[in-house]
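Notebook open, model loaded. I want to go through the strands, then the rings, then the whole chain.

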Amino acid sequence: MNIVKGLFLGSAAALLAVGGAQAADLPLKAKAVEYVKVCSIYGAGFYYIPGTDTCIKLGGYLRADLTLAGSGAYNSPAWAGAAGQKNRLANDYVFRSRQDINIDTRTATEYGVVRTYFDAVFQWTTGSDTVANGSLGVYYAFIQFAGFTFGKAVSQFDTPWTGYPGNNTSFLIGGYDDVTGINQVSYTAEFGNGVSASISLEDQSSYLQSALYNVSSAPNFLAYGANSYAGTSIPDIVGKIRVDQAWGLFQVSAAAHQVRASYYNTALETSGHPSDTWGYAVQGALSLKNLPTGPGDSINITATYSNGATRYVLGGVSPNSFAIYGNNSVPGTYQSVAFGVAADGVFAGLNNLTGTGIEKTNAWGVRGAFNHNWNPYWSTSLFGSYTKIDYSGTATALICGALGVANTAGFNCNPDFAIAQVGTVTRWTPVKNLTFSGEVLYTYLDQASSGILPLTASGTKPQANYEFKDQGVWSGNLRVQRNF
């Protein structure tokens, strides 16, 4: 009997265990799925972030780029360094592979749209990166709210096409270019009918400081002394008025730029320093659309002038010093060479007793392009620029005196120079958002110094006599880009 009872209780326990297991396996009622919904308020590509009223858009591009006979990526001319010297240390080609990712979010509020925007690039470049080690760049990171912009964005001084009126190259100088963004606090007022005005405080530390040379500190033809810019004190003050219409765009921009030196002797604060001064820049821009040459054709042009604010004319990524070597044409010389050195200003002296004030540098430039569509698949742009750097008579005397060539027989010392550029690019877009392009650029360095001068060794160039002579260089670029 006890055996039967035990079997019964064991069987019951087993059945309860099985029944419990089956109950645990029964499906529960699923939560409602939150589907991603299209947000059509702000244009194509936006979706609501599930569970919020914020819309988000992801985008970017992948670009493969090859520069030939240049000094760097994106068709940088052979106008400096080993490329300018045309020696065996120069890279005859430069590859760059880049992935760009951007995130755009927008939320409607009672104060208007709150927008955030982030844009970053991951890239690998010949001569700059090794094996799998690439580099990261943060282009834009800003918040916009009620007309204000806070963070890293395109300068309010700049045009919608920044440094690209029609070119692929990042080195078409002759105007402003901050395509990778500049830290700022700005306000834009919209007056209707395409009319707007902006005021901005912008960080001058990276894009906007050229050199400030103390010519008493080891000057040479590549740098007129020690670069003696002090730390930042006041951001650049920028204003803009723009008119956007169906026919195109007209814009006037202006900027005030503080020029502030460190010390006459950079290692000794008791040596004193020159008084701070202010430079400025002004720009006019015009874009014409709906041209009789064809649908989608356009002309973009800017004209810029600066005093003590050279970067507003030289753009953001070009060097301060240019040096291009060529063949010799005068017996007894090793080679010919053209130099150009840009600066916001120069001064002299090693203490308060001998020091001078800052002599600011003038610069002006024009830059533009004509963009033509042959058909929906093929387009061509013709672009060019002219840039002029002009030192005052006092600055010229300081520079030439410090170089020790002010009264050298057979040599005329003049630090002024000009750079002329002309180029063309043709693009083929076989399918939407995939573009193949080829570009060629000619750059001509027109220096004001002339004659023959013995120069010390520089780079791979030996100490020898050199003829100062204008020089020109060609460079080319091939690019494939897929936008998404």
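**Entry 1: β22 and β23**

I started with β22 and β23, which pair in the antiparallel sense over 13 bridges. This is a predicted model, so I noted that before going on. I looked up one bridge by name: Val-431 has Leu-434 in β23 as its partner. The two strands make a hairpin with 2 residues between them. In that turn I found Asn-433 with a positive phi of about 70°.

Next I asked what β22 does with strand β20 (residues 378-390). Those two are antiparallel as well, joined by 12 bridges. Leu-382 has Thr-424 in β22 as its bridge partner. A reminder to self: strands of a sheet pair through backbone hydrogen bonds, either parallel or antiparallel.

**Entry 2: on to β26**

I followed strand β23 (residues 434-447) and got to β26, with antiparallel pairing over 12 bridges. Leu-441 stands opposite Ser-475 in β26.

Then I checked strand β26 (residues 471-483) against strand β2 (residues 54-68). I got 8 bridges, and the two run antiparallel. Here Leu-68 faces Gly-476 in β26 as its opposite number.

**Entry 3: an open sheet**

Which strands make up the open sheet, and in what order? There are 5 strands, and I wrote the order down as β15-β16-β25-β24-β21, with mixed pairing. The edge strands are β15 and β21 (411-412), each pairing on one side only. I checked how β21 is held: 2 bridges join it to strand β24 (residues 450-455), and the two run antiparallel. Asn-412 sits opposite Ser-450 in β24.

**Entry 4: rings**

I searched the whole structure for aromatic pairs and got 30. I pulled up Tyr-111 and Phe-145 to look at in detail. Their ring centres are 5.9 Å apart and the planes are at 70°, so I logged the pair as edge-to-face; the cut-off for that is over 60 degrees. Tyr-111 is in the loop between β3 (93-109) and β4 (112-125), while Phe-145 is in strand β5 (residues 135-145). That puts them 34 residues apart, and the pair links distant parts of the chain. Are these two buried or exposed? Tyr-111 has 59% relative accessibility, so I put it down as exposed. Phe-145 is partly exposed at 29%.

Then I looked at Phe-322 and Phe-417. Their ring centres are 5.9 Å apart and the planes are at 55°, so this pair is tilted. Phe-322 lies in strand β15 (residues 321-326) and Phe-417 in strand β22 (residues 417-431), so the pair ties together parts 95 residues apart in sequence. I checked the cover on each ring's residue. Phe-322 is buried at 1% relative accessibility, and Phe-417 is buried at 2%.

I also found one aromatic cluster made of Phe-221, Tyr-325, Tyr-334, Phe-339, Phe-411, Tyr-466 and Phe-468. Tyr-325 belongs to that cluster, and Lys-461 lies over its face, at 5.1 Å from the ring centre. I noted another charge over a ring: Arg-479 lies over the face of Tyr-74, at 4.9 Å from the ring centre.

**Entry 5: Lys-240**

I wanted to see where Lys-240 sits, and found it in strand β11 (residues 236-245). Buried or exposed? Its relative accessibility is 9%, and buried means under 20%, so Lys-240 counts as buried.

What does Lys-240 touch, leaving aside neighbours within four places in sequence? I listed Gln-156, Asp-158, Ser-196, Ala-197, Ser-198, Gln-251, Val-252 and Ser-253. I looked closer at Ala-197: it is 43 residues from Lys-240 in sequence, but 5.5 Å away in space, C-alpha to C-alpha.

**Entry 6: the whole chain**

Last, I zoomed out. I counted 4 helices and 26 strands in the chain. The C-alpha trace spans about 130 × 65 × 50 Å along its principal axes. The radius of gyration is 30 Å, against near 23 Å for a compact globule of 484 residues.

Of the 484 residues, 46% count as buried. The chain exposes about 23400 Å², and carbon and sulfur atoms supply 62% of that. I also looked at contacts between residues at least 6 apart in sequence: 65% of them join residues at least 24 apart.

Key:
Residues are numbered from 1 along each chain as its sequence is written. This is a predicted model: local features need pLDDT of at least 70, side-chain atom pairs count only at pLDDT 80 or more; totals for chains, interfaces and linings use all residues. Side-chain values use heavy atoms; hydrogens and water are left out. Rings of Phe, Tyr and Trp (its six-membered ring) pair if their centres lie within 6.5 Å; planes under 30 degrees apart count as stacked, over 60 as edge-to-face and the rest as tilted. Buried means under 20% relative accessible area, exposed over 50%, partly exposed in between (1.4 Å probe, protein chains only). A charge sits over a ring if NZ of Lys or CZ of Arg is within 6 Å of the ring centre and within 35 degrees of the ring normal. Two strands pair if DSSP finds at least two bridges between them. The radius of gyration is taken over C-alpha atoms; the globule rule is 2.2 Å times the number of residues to the power 0.38. Contact means heavy atoms within 4.5 Å. Accessible areas come from the Shrake-Rupley method with a 1.4 Å probe; for residues, only the protein chains shown count as cover.
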